[in-house]
Structures are given as structure tokens and as C-alpha cells.
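Trainee: I'd like to go through this structure with you, starting at the ligand and then moving out to the chains. Shall we take it one question at a time?

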Amino acid sequence: MIELREITKEYWSKKEKNIAVDNVSLTVNEGEVFGIVGYSGAGKSTLLRFINLLERPTTGSVRVDGIDLLTLSNKELRKTRQSIGMIFQGFYLVASKTVFENVAFALLAAGVQKKHIRDKVVQLLEVVGLSDQLAKYPSQLSGGQKQRVSIARSLANDPKILLCDEATSALDPNTTESILSLLKEINQKLGITIVVITHEMEVVKEICHRCAVMREGKVVELGTTFDIFSAPKDPLTKKFIQNVLEFEIPELMMNRVKGKLVKLIFLRDLATDAVVSDMIQAFEVRANILHGKVEYIHETPLGVFIMDISGEEDQVNQAIDYLHKRVHKVEVIEDGPTYRALA
Amino acid sequence: MDRLIELLPELNLAFVETLVMVGIALSFAFLIGLPLGILLFVTDQGLILENKWVKQAVGIVINLIRSVPFIILLVFLLPLTSFLLGTTIGPLAASVSLSVAAIPFYARIVESSAREINKGVIEAAVATGASPWMIIRHILLPETKPGLITGITITAISLIGYSAMAGTIGGGGIGDLAIRYGYYRYDDTVMFTTVILLVVLVQFVQYMGDFVSKAVDKK
Ligand SMILES: Nc1ncnc2c1ncn2[C@@H]1O[C@H](COP(=O)(O)OP(=O)(O)OP(=O)(O)O)[C@@H](O)[C@H]1O
Ligand SMILES: [Mg+2]
């Protein structure tokens, strides 16, 4: 659907070269929600803007639906842009136009006849849940409502692709949640391919099928969201998903640890109870769960548990070996006060 | 008081002449200055019709005209006025140089009020696939409307001032009246009356401008 090949973008400021995007190639498949994450200045927006050529790459090629956008005339490019919606962190609605007129503009721009515009706008505003606000001006709307208007505008010409540049970054968590479910709905019901830029892993976890992690203009990791969350490879990726897979165990609790502290990561199937009770039966150990958390990434569970396993050292070690066999990943975080003392 | 009544017909005529001069110049400022101002804006770097050469050429011409003091421009343009109208006397003749001064003045105001538009709004419009003309007509013009009206107010008030200068070299109008009676004949009554008339006119224009500009502002 979208193919970026060996794309580089250089900016020159005061005779100094600044590489915003550095030889990036990636493919976004039809119907998927693709995420691009990275810290500020990583080149995310620049990369996204190649897809509708708001930004022209210094070198490389941009293909959408098999068409090389760089070869298009201005007129053809405008036509193509009508099939690529875009929404932004700042909404960018026209302040002097009503909600209705803001959405109608996109239709006018595409040359839709006046008599068809009204019905289409009403229908679009229904999709985003703003049917009763069409006469209001943007200044009379909340942030979430403004983003809904801009989503309606971006969907006006039945696009095949929707580009979202930090679409939820200016919104509170509840509103973010509702916009994300709207995007999800758009992807599933209308089959629109969505590319989202974000610095919040929550967004990726919520809606993305695959994602790319960017640093200094390069894609440092790319994979399915589940793989990224369950087996991050790049240090930056690890940092991003830290609050999903890592916990700080409070000092007080650490002091109460009797045996070995282990972290168990379960993927896909959450047979925690069974595994733990089997372990207790098979070995003479006590297990105390200090922390547990299950994340659902596209309905696939990813569970993380922290357990204090105590007993005879030999038994504990055997129990941990047993866990290794049955759990996706086992990490001994703390060898435990007893064993430290013995060692 | 008697003196005033005696002067009334002449005052009336002068007032109408001033309105004619300002009105004509303002119309040209709007009809030519507005497109020029928009042109200056859209040909700027990174904008919808980016064009360094057009931008520079238009910018230089505008700056050239704006750097000539009005009184000099007035004299300088006499041949042009005479060529266009066959005379250099009267309010119509004065309108030529007033228009030439007002067009670049208003164009710069239009340009700077267009600059106030959030670049993101224009970009969002580009992303919908709108043509430059669509963006100008449906985004730039509505978004700058309050600024365009304020600009007309400012231009009108400057033109009232300039029209007094134009009056001195045969343009007629209130300025001409004030100079003829006040300066050459030391007639205080006429002086004061013309000053009051000008003050009232300026206040009225300002008030109307503010009122309309606020009424169309949706922010
Ligand atoms: N028009 C420009 N001129 C010069 N440098 C630019 C321009 N646009 C972007 N850059 C530079 O390119 C780099 C990447 O910018 P980009 O906006 O793509 O980052 P980003 O990942 O989207 O960051 P953020 O999360 O802050 O939006 C930055 O170093 C930025 O300074
Ligand atoms: Mg950005």
C-alpha cells in the first residue's frame, strides 16, 4: 500500500547539514494500523509527510498503491492527496468556518458538486459523533471534538489511507481513549490503512498492528506490536516499553523478600495459576506473588508477574528450572537475602 | 456663525471631494492591493505558490513606492496623471497618486495579516488536495477577513491625511480648503471647522472599521 524506499531527507541550516530522515525503507500493508514511535526530533513527522508529499525526500522513492508520487504532476498529486487523509496534533481547523464548512471544504476541494456536499458532511459528522454540532465554530469545541471534526474532514473523500501526526498528544487520557477507538473503528469498518505517529506506547498498544521505532532519523526496530512489546531488542525500544514490562518493587517489599525474586513473562496463554500451583506441588517451595499485570495487545495477553520463591535453595533452583520450561521468559531479579547470606 | 453659514456650500463641496479622493484610492487599494498582498504571501518560501522571483520582484516594487515620501510621489506622478486624465487639477487627478500610494500600503497590510494564519491550517488544506486557488478563496481570505477590514480602516485614515496634502497641489477637498483660508488668509474659523471635520471623519471611519472587523471575527 505504502512503500518508502531508501528515503533520506537533509535540511541545511547555516551551512550545516541536518539529516532528519536517514536512509529509511519501510512498507505499510493494506488495511493495517502502522505506528511510528520515537522521541522528539527523531524524524517521525518528516517521514509521515513523505506519504502525501507535504515533504519531498532528498533521495529515495515514495510509492502509494504502486504509484511513484515523485513522478506525479501537481494536478495528479492533488488528486492523490484526496485519497490520503491527514490529522494533526494541533487539529488545524479553519477558525472562521463552522464545523460543517470545515468538513465541506475538503469536498469542495475535490470538486464534489454542491448538492451532494450537504448529505456527505452530515453523514461524516455522524461517523465521528458530532451530528449536533455542525453550526458551531471551532473555538466553541473541546479538543476531542476538534479532533473529531478534523477526522471527519480527513475522511471526506473516502481516503484509502489516514495519516495521524500525534493525533492524541494534546488530549487527556479519556479523550485519547475515545479518539483511539474511533480510529480503530475507521480501520476496521472502513478498511482504511492508518499510519500513526506517537511518543506514547499506550497508543501503539491500543491500535497498532505493527510499529517502527525511530531514533535520529533511522528506523532502529520494526515488528509486530506484540513482538515489540514481548521481545524488544533495541535499547530505545526497551526504554519505550519500560512501564509495560518493568516495575519498581518498593524498598519495603524488597526487605520482606524471603527467597528469590523472579519475574515471569507469559505470552499468549495465561496459565499462570496452573504453572504456579504445579510448581508448588512438585517442589517444596512457597511462592508469593508480589506484583502482577496483564496487558492485552490486540486481544493477545502479555502477562508479567513478580514472585518471591522461598524454601531450600536446592528446591528453589529446581523450581526455577521448572518455570523456565513452562514460561516464556523467567528472570531472576534478586537472589534473595537467604541465599546471599549463605553464599 | 454667519461666517460658517456663508462657507457651508464650499465646505460641503470640499467634504465630498475628500470622500471622492479617499473612496477612489481605497477602491484601488482593495482591488489591486489585496491580490498583491496575497501574492506576496503565497509566493513566500514553503507556501502554496512558492516563487522566489515573483516574491522579490513584487516586494521591490512595493518597497520602492513606499520609500518615496507622499508629497514627492505626488509631484513625481504629475506626468502620469496628466497622461491618464489630461489634467492634474481636481479630486480625480489627486486620486491617481493617492491610489499609487495606497496600493502598496494595503498590500503590505494584507501580507502581514495573512502571515498570522497558522501554517498548519494551510498545510491541512494542502493535504486535502485543494488547489492553490481553493486555498486562497476558502482559507486565506476568510481567515484574514478581520485583518483585511482593519487594514482598510488604517488605509482609509492614512488616505484622509494624504488627501489633505494632495489638496495643496490642486486636488481640492478639505485640506485644500484649510490651506487656502487658514494658511493664506489667516481665517481661524475655517481652520477650526476643517480640523473638527477631519477629526470627526477619522473617528467615524475608525469606529466603523472596528465594529465591522469585530463582527466578522469568529475567533
Ligand atoms: N523545515 C525544516 N527545516 C529544517 N530542519 C527541519 C525542518 N523540519 C524538520 N527539521 C529537523 O528534522 C528533524 C526531525 O524533525 P521531525 O519534525 O520529523 O521530528 P519528530 O520526530 O516529528 O519530532 P516531534 O516529536 O517533536 O514532532 C529535527 O531535527 C528537525 O529540527
Ligand atoms: Mg512531529
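Trainee: Which element gives the largest share of the shell around ligand 1?

Mentor: Keep in mind that this is a predicted model. The elements that give two or more residues to the shell around ligand 1 are β2 (16-28) and α1 (44-50), both in chain A. The largest share, three residues, comes from α1(A).

Trainee: By class, how many residues of the shell around ligand 1 are charged?

Mentor: Let's go through the list with the classes in mind. The residues around the ligand include Tyr11(A), Ala20(A), Lys44(A) and Glu166(A). Four residues of the shell are nonpolar and six are polar, and the number of charged ones is two.

Trainee: How far is the N or O atom in the side chain of Ser40(A) from an oxygen atom of ligand 1?

Mentor: Here the polar contacts are worth going through together. Tyr11(A) has a polar side-chain atom 3.4 Å from a nitrogen atom of ligand 1, and a polar side-chain atom of Thr46(A) lies 2.5 Å from an oxygen atom of the ligand. For Ser40(A), the side-chain N or O atom and a ligand oxygen are separated by 2.4 Å.

Trainee: What percentage of the area that ligand 1 exposes when taken alone does the protein bury?

Mentor: Start with the ligand by itself, where the exposed area is 630 Å². Of that area, the protein buries 60%.

Trainee: Now to the two chains. Which three residues of chain B supply more of the area buried against chain A than any other three?

Mentor: Begin with the contacts: 21 residues of chain B touch 23 residues of chain A. The area buried between the chains is about 1900 Å², with carbon and sulfur atoms giving 65% of it. Of the area that chain B buries, 28% is supplied by Ala127(B), Thr128(B) and Lys218(B).

Trainee: Which UniProt domain annotation covers residues 2-241 of chain A?

Mentor: Look at the span itself before the record. Residues 2-241 of chain A are 37% helix and 28% strand, and their end C-alpha atoms lie 26 Å apart. In the unreviewed UniProt entry, the domain annotation for these residues is "ABC transporter".

Trainee: And how much of residues 189-209 of chain B is helix?

Mentor: UniProt, in an unreviewed entry, places "ABC transmembrane type-1" at residues 15-209 of chain B, a span that is 85% helix and 0% strand in the model. Residues 189-209 are among those the record annotates as "transmembrane region". Their end C-alpha atoms lie 30 Å apart, and the helix content is 100%.

Note on methods:
Residues are numbered from 1 along each chain as its sequence is written. Chains are lettered from A and ligands numbered from 1 in the order in which they are written. This is a predicted model: local features need pLDDT of at least 70, side-chain atom pairs count only at pLDDT 80 or more; totals for chains, interfaces and linings use all residues. Side-chain values use heavy atoms; hydrogens and water are left out. A residue is near a molecule or strand if one of its heavy atoms lies within 4 Å of it. A polar contact is a pair of N or O atoms within 3.5 Å; within protein, one must be able to donate a hydrogen and the other to accept it, and residues adjacent in sequence count only if both atoms are side-chain atoms. Accessible areas come from the Shrake-Rupley method with a 1.4 Å probe; for residues, only the protein chains shown count as cover. Helices (H or I, at least four residues) and strands (E, at least two) are DSSP runs, numbered from the N terminus. Ala, Val, Leu, Ile, Met, Phe, Trp, Tyr, Cys and Pro count as nonpolar, Asp, Glu, Lys and Arg as charged, and the others, Gly among them, as polar. UniProt positions are given in the numbering used here, feature names are shortened, and annotations may be inferred rather than shown by experiment. Contact means heavy atoms within 4.5 Å. Buried area is the accessible area (1.4 Å probe) that two parts lose on being put together, summed over both.
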